[in-house]
Structure formats: structure tokens, C-alpha cells
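Subject: Structure for your files, with notes

Dear colleague,

Please find the structure below, followed by an account of what turned up in it. I would be glad if you read the notes with the coordinates open beside them.

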Amino acid sequence: MSLFSNCGTATRTNTGSFDCDEARKIPQKIGIGGKQFTTTETADSDSLKTAILAASKLPYDDSNKLLWIHNLLDPADNTPEPTTGRVGQGPEQYLTEGLPKFTYSVEIGQDLYKRLRKLNKRRVPVFTYDDNDKLWGSKTSTGKFAGATALFFIYGATQQTASSPVFAKITLSYVSATQYHDDAFYAGVSLGDTEPEGLLDVELSKISNSTNVYKIDVKAPTAEFGKYKNFAVTYSVELASASLWAAKSGINYATSMPITSVAYDAALQCFTVTLDTTAYGLLSAGDKIKLYLVSPATLDAANIVGVESVPVILVK
Amino acid sequence: MADIKYEGIGFNGDWVKEQTLADFQAHEAHHGLSEAQLKEVWQLARGTKDVEDVSKGTVDAPIESASTASTGPAKKK
């Protein structure tokens, strides 16, 4: 019987090593989200980068969406030591293994800080990108490359003091040592310091309407109270395009409603969005219409870069 | 969706071509275009107006879709 067998249960292992066996190096950024990469997508650096950028430009409610936090500083390993015990004078035994936990510092403004706080206490799949151009994750039961599940928490010094600048700490407490260690894999990819760039939430809001013709604001709230960046002005030409807008009504907003035209209103610095009269007429008073811009990737292709719309609900 | 840009207005070309001229003109009258201009849009959507005939005037550029436009402004940040 093998040295590593015990009552017929074999622990199969050998200690040979591949040249490509790598250790996790200094973390540079983390990617949070449910994207699971196929072997085709991870076939080479360019393919993986393309897939990463595509996943990062997905709408927020897409299960494959990836969010990125860049420029991780001062990484610290806070993994608890394993607990041990012994019976009488017997040998020391390892009882429980501490789950991996890491803390990173990030320089951050209050606006991004409050948005990231929405992830606090959430279990999220996390990819870690290190300074050796390796993206670390885990292999799923279906053979895909995914993030390892961790509890996310952000906290920290949100006010400058005489001795410390403002920073936040991000902790990742992995929920499974097996997933983090035994299912760990990396994929090589070259990403710039701020790649992939995050998207800005652009809020649509109704100014007024005359039956099926709506005046719609396209603005992003900034960190300064009451101040907005008006994307209607920035993209007055590009967004005057019916194909970049979408409207849905009905149960779960499953019914598409044609948008017949979109025009920039220079006086109000907003857009005039016209819905199909016939479809609009079929709605009852009080029925709701969800109006939004198409996916960030499609907007990007139309030279509207780095934004995702927050839909507005119109009530007839 | 095939967009038709005319005087800075983005029309839904697929929708436009399904309308009668009168219905289309009535539906989009609020943009302030003349009946003749709206007729041009309608004809463009239906492919009954040569783009070059009108592009010297008021047509910006009919495009297949926003994502396939071959010309456009430079990317903005």
C-alpha cells in the first residue's frame, strides 16, 4: 500500500513542477464580478484582454459584468494561523485552516468610496491582477476561469489628519481555502495601470412631456452637491440617434416600444425623445415605460465612451 | 435599427419606412421641419430618394446604425 493511502483512500500527488508554475506576486488591481472566461478567451494575452474589456463594458445588471479597483497599495496578508491542539502529551495536530484574507489600501475620493461601500459584506467573485501580468482566479466545476469568492469590505481613514492622508482599506476574506488554493489558476494578460477603465453612471430623467414626446435630461451627478455633468451637451450629436435609445413597457418591461426619433434640444440642453404614438396609445394611464440608453459597448462604438445609463421610469 | 440623421435629428429608419407619408409627417411635426423636409426623410427611409440628391442640402448622413457608422466625431473623454 502506498505511503499516501489510508484504508484505500489514496491521496494522489507528486512534486514535479512546470516551468510555468508561478507564485502570486504583488497585487495591482482586483476585478469583481461574475465573468467566467472560457479556454478560448484565455488562449493568449490579447484574447483575454479583449474578453476582459468586453466584460467591463457590460451593463451593471449583467451577470458577466466586471468592476475594477486599480492601484492597490500596501498589500497585507491577514490570513489567520491554523488552529492546533493535542491530546495530552500527544503530537500537535492541525485542527482548522485559516481562510485567506488580504487587505489593500487605495487612495480614493469620497464619491468612489461611497459607491464601493455598496459592495460591503457582499460575497463576490474576485480576480487579482499582479505585477507579473498574471490574472489570478479559480477554475470552476465547468472548466471555466472565474474569480474566487470573497467577502468584500471597504473602510478606512476618510478624513485627512495631521499624520495621515486619506485612504481606504479593502479587505477580501475568501470563503474557501480549497477554492483559493487548490482550484487556483492564472492567465497571462497585459493590462495598463488604469485598464479597464470604470464606467460612469449617467442618469436619465424626465423634464416634461407632451403625450408621447418626452424631454429627457442625461446627467451624471458629481461629488459636488447639486452639480452634474451634462452628457446631453457633451454628446449632443452622438446621442441624437434613435438606435442608441431603448424603451420598454409591460410586465417586467418585456415589451419593446419603438422610439421614432431623438433630437437634441439646445435650449433646454436635453433630448427630445419621441415614442411611437400607436404603442404609446395602447398603454393605460399610470402604465410605466423604462427608457434607457443601449449597452455601454454599443455606446462606446458610437464614440460615447465610458458611460452606462441609469434608466428612467416614465409614467403615462 | 437603421438611423437616418437629418438636420441633427436621429430618426428610426425602420419605423419611418413602415409609415404612410401623412402619418409620418403628423407624428414628427414637433421637430419643426417643413413638410418637404419630412418627406425627404420618409423617402430616404424607403430608399426612394437618392442620398446624393439631398445630401448637398440638409441631410447629415444616413447611416446603417450607430455602431457601423464609418464617419463620426472624434472620441470624447
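How many residue pairs are in polar contact between chain A and chain B, with both residues at pLDDT 80 or more? The count is 16 such pairs, where a polar contact is a pair of N or O atoms within 3.5 Å, within protein one atom must be able to donate a hydrogen and the other to accept it, and residues adjacent in sequence count only if both atoms are side-chain atoms.

Before going further, please note that this is a predicted model, in which local features need pLDDT of at least 70 and side-chain atom pairs count only at pLDDT 80 or more, while totals for chains, interfaces and linings use all residues. Residues are numbered from 1 along each chain as its sequence is written, chains are lettered from A and ligands numbered from 1 in the order in which they are written, and side-chain values use heavy atoms, with hydrogens and water left out.

The interface

The contact, meaning heavy atoms within 4.5 Å, takes 28 residues from chain A and 20 residues from chain B. The area buried between the two chains is about 1900 Å², with carbon and sulfur atoms giving 51% of it; buried area here is the accessible area (1.4 Å probe) that two parts lose on being put together, summed over both. On the chain A side, A:Ser243, A:Thr260 and A:Asn303 lose the most area to chain B, and together they make up 24% of what that side buries. Between chain A and chain B the count of salt bridges (a side-chain nitrogen of Lys or Arg within 4 Å of a carboxyl oxygen of Asp or Glu) is zero. The elements of chain A that give two or more residues to the side touching chain B are β20 (259-265), β21 (270-275) and α6 (296-301), named as DSSP runs numbered from the N terminus, with helices being H or I of at least four residues and strands E of at least two. The largest share of that side, five residues, comes from β20(A). By class, the side has 14 nonpolar, 10 polar and four charged residues, where Ala, Val, Leu, Ile, Met, Phe, Trp, Tyr, Cys and Pro count as nonpolar, Asp, Glu, Lys and Arg as charged, and the others, Gly among them, as polar.

A salt bridge and a cis bond in chain A

Over all chains the salt bridges come to seven. In one of them the side chains of A:Lys49 and A:Glu195 meet at 2.9 Å, N to O. Because A:Lys49 lies in helix α1 (residues 45-56) and A:Glu195 in the loop between β14 (184-188) and β15 (200-210), the pair ties together parts of chain A that are 146 residues apart in sequence. The peptide bond from A:Glu195 to A:Pro196 is cis, with omega near -10°, and A:Pro196 lies in the loop between β14 and β15 of chain A.

Pocket and cavity

The largest pocket holds about 1600 Å³ of space and is lined by 47 residues, of which A:Arg115, A:Gly198, A:Leu199, A:Leu200 and A:Asp201 lie nearest its centre. On a 1 Å grid over the protein atoms alone, a pocket is an open set of points with protein on both sides within 12 Å along at least five of seven lines, a cavity is a set where a 1.4 Å probe fits but cannot get out, and lining residues have an atom within 4 Å of a point. Grid points are joined across faces, edges and corners, and a volume is the space filled by probe spheres set on the points. Helix α2(A) gives the most to the pocket lining, with five residues, and the lining as a whole has 24 nonpolar, eight polar and 15 charged residues.

The structure also holds one cavity of 30 Å³ or more, with a volume of about 40 Å³. Its lining includes A:Arg24, A:Trp136 and A:Tyr180, and its largest share, three residues, comes from β9(A).

With best regards
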